[in-house]
Amino acid sequence: MSSTTGQLSRARITSTAGPVIRCEAAVAWEAGKPLVIEEVEVAPPQKLEVRLKILFTTLCHTDVYFWEAKGQTPLFPRIFGHEAGGSAATVNQKRATCVIFSGSILTGVMLNDGKSRFSKNGQPIYNFLGTSTFSEYTVAHVGSIAKINRAAPLDKVCVLSCGISTGIAACEGARMAGASRIIGVDLNPKRFAEAKKFGLTEFVTPNDHKKPVQEGWGVVVGVPSKDAAFTTHPMNLLTERTLKGAFFGNYKPRSDLPSVVEKYMNKEIEVEKFITHQVPFSEINKAFDYMLKGEAAVAWQAGKPLVIEKVEVAPPQKMEVRLKILFTSLCHTDVYFWEAKGQTPLFPRIFGHEAGGIVESVGEGVTDLQPGDHVLPVFTGECKECRHCKSEESNMCDLLRINTDRGVMLNDGKSRFSKNGQPIYHFLGTSTFSEYTVAHVGSIAKINPAAPLDKVCVLSCGISTGMGAALNVAKPKKGSTVAVFGLGAVGLAACEGARMAGAARIIGVDLNPSRFADAKKFGVTEFVNPKDHKKPVQEVISEMTDGGVDRSIECTGNINAMISAFECVHDGWGVAVLVGVPNKDDTFKTHPVNLLNERTLKGTFFGNYKPRSDLPSVVEKYMNKELEIEKFITHQVSFSEINKAFDYMLKGEGLRCIIRMEG
């Protein structure tokens, strides 16, 4: 369904003299990059071709799909557009006929001679679908042009030349046919209210039912992925069900489309409710921004299941980047703030901060990222300008340090997410539970494009935090002894880091004995459950290790565990590292002699990694098989099942659940 209408101004024509017309067109020079308004040459029509003056055009998802170069061999530079209304014209514009396009040619040239009619300074620019309506003038085959009633308003009926006619627009067509019940089926229950305008009487969300939603007759309209296969039992056909496919609603463009326009003129079709925006031609990229709606899992209330919504994602502003998220995972921090523990509740909100994706577009001032780059968004950042970023010892960026209370962007104090005009708050500057998100460039790490994003996405928070606490802060020597408190994902990552550093003994400390078996995979050699002992666990560990461990890493956030982690290290050289986040009112208490005896207590944030400078090298550790990520990933769900990930986390099942954004 087209949702954006853009008017093409007649005032920009440079010349209409001679066989070639020079006019403005919105040229896509590269996949996924903003269109550029260029002066182009439009050659005269050849045999059975018509040159047209475009008055109004609209943006369709098909334009966006091919502009992003999905599922095709990229063909650029190109002039997109295929839903439009205009007039047929000679060079001197002495005659005109109202027309609507219905393009069907997938090549970038004309049938007549295999050449494009568009060029700039002699360089050919490819056609799109035989129409290329994002140009003040275009050339099309006469068979792809429908002559319509001159009285029809082209700024309205232009939307009939593709999506609306294809489905008219399915629900609306069923209403026009007199259907008494129109049942809408969608994973997003929020769409029901809007759908009522188009005749829907009932709504079914498959996620609300344990049984399949199918049964009955069907017409297939949507275009599946190229590798998809349709399977069903033959009995479904033998029992007199019918399976049909349809292309452009089975309309013949020249014969039938004029009558569809007449339906509008006779007030049988309401076209206006499909048109939601209008922009001038000079702002055509805004149309792409409007179209760039993605599904997001929105938390409307604390502790309530997330709801999959279609949200608007505004374009990136200065020093911002818009990302397409491909894989994300759930972290305890997401759950903690979703439950609104220890904070002022901030809702509605889009959570998520462990993810992998690709750059979709960049804002002003962004020079080190470009569309198509593979990246990991990070909950903290690296501006590269402040004292912390310039220091080799710190990763606590002044500008982009974690702020759990901020739900807007730094640049203008506004959110880039909205739903029907209502802002939706960001989370940790990342909000990766959305197909598209916007983040500050300083919070995005560009990584090796060969790295599998469904694996390395988990490196953007917990795994790197734990591993870095061991490798970068505790720094155990080869053959040393390390105790790790808490065997969740972060703690096990700390164990993994100790293993990579060459520790000979890694003692896992946890209250849950069921975690011990799996912990062996991460290098743990011994286990201690504080509940099994009457004396403080630090005394138990000291006795086990002849005076204390060389290094300890605390990953629970429990203040007593923090004290135990410090007091179990050996005097003279022992180092304890605190990773877990305590409650806001906790106080660390120990006898000063424990420090005077040359024990060291350190804290760390994100494993002391600088996101942009260091995270790419962590990814390379995985690529070089120095780091095993797969053993951290215990579950996978589709985006529509994201609430299952919360269930796994709340039940304490598994470590990391990968959420696939597509399929």
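Questions on a predicted model

Of the 663 residues of the protein chain in this predicted model, 50% count as buried.

Me: How many helices and strands are there in the protein chain?
Reply: Both kinds of element occur in the protein chain. The count is 19 helices and 32 strands.

Me: Among contacts between residues at least 6 apart in sequence, what percentage join residues at least 24 apart?
Reply: The contacts considered here are those in the protein chain between residues at least 6 apart in sequence. Of these, the part that joins residues at least 24 apart is 71%.

Me: What distance separates the end C-alpha atoms of helix H12, and what span should its 13 residues have?
Reply: Helix H12 covers residues 462–474. At 1.5 Å a residue, its 13 residues should span 18 Å. This agrees with the distance between the end C-alpha atoms, which is 17 Å.

Me: Where is the kink in H12 centred?
Reply: H12 has a kink of about 35°. Its centre is at Gly-468.

Me: How many of the 13 residues of H12 are buried?
Reply: H12 is mostly covered. Its buried residues include Gly-462, Ile-463, Met-467 and Val-473. Gly-468, the centre of the kink, is also among them. The number buried is eleven.

Me: Which residue just after H12 takes a positive phi?
Reply: The phi in question is about 50°. The residue that takes it, just after H12, is Lys-475.

Me: Is Glu-49 buried or exposed?
Reply: Glu-49 lies in strand S4, which covers residues 49–59. Its relative accessibility is 9%, and buried means under 20%, so Glu-49 counts as buried.

Me: With which side chain does the side chain of Glu-49 make a polar contact?
Reply: Leaving aside residues up to four places away in sequence, Glu-49 touches several residues, including Met-110, Asn-112, Arg-117 and His-141. The polar contact, at 2.9 Å, is with the side chain of Arg-117.

Me: Which strands stand at the edges of the open sheet S16-S17-S21-S22?
Reply: Four strands form this sheet, and their pairing is antiparallel. Strand S16 (293–298) and strand S22 (422–424) each have a single partner strand, so one side of each is left without a neighbour in the sheet. The edge strands are therefore S16 and S22.

Me: By how many degrees are neighbouring strands of this sheet turned against each other on average?
Reply: With direction ignored, the average turn between neighbouring strands of this sheet is 50°.

Me: Which residue in S21 stands opposite Val-313?
Reply: Strand S17 (residues 307–313) and strand S21 (residues 417–419) pair in the antiparallel sense over two bridges. Opposite Val-313 stands Phe-417.

Terms used: Residues are numbered from 1 along each chain as its sequence is written. This is a predicted model: local features need pLDDT of at least 70, side-chain atom pairs count only at pLDDT 80 or more; totals for chains, interfaces and linings use all residues. Side-chain values use heavy atoms; hydrogens and water are left out. The expected span of a helix is 1.5 Å times one less than its number of residues. The bend at a residue is the angle between axes fitted to the seven residues ending there and the seven starting there. Buried means under 20% relative accessible area, exposed over 50%, partly exposed in between (1.4 Å probe, protein chains only). A polar contact is a pair of N or O atoms within 3.5 Å; within protein, one must be able to donate a hydrogen and the other to accept it, and residues adjacent in sequence count only if both atoms are side-chain atoms. Contact means heavy atoms within 4.5 Å. Two strands pair if DSSP finds at least two bridges between them. Axes are lines fitted to C-alpha atoms, for helices over the stretch in contact, and angles run from 0 to 180 degrees between N-to-C directions.
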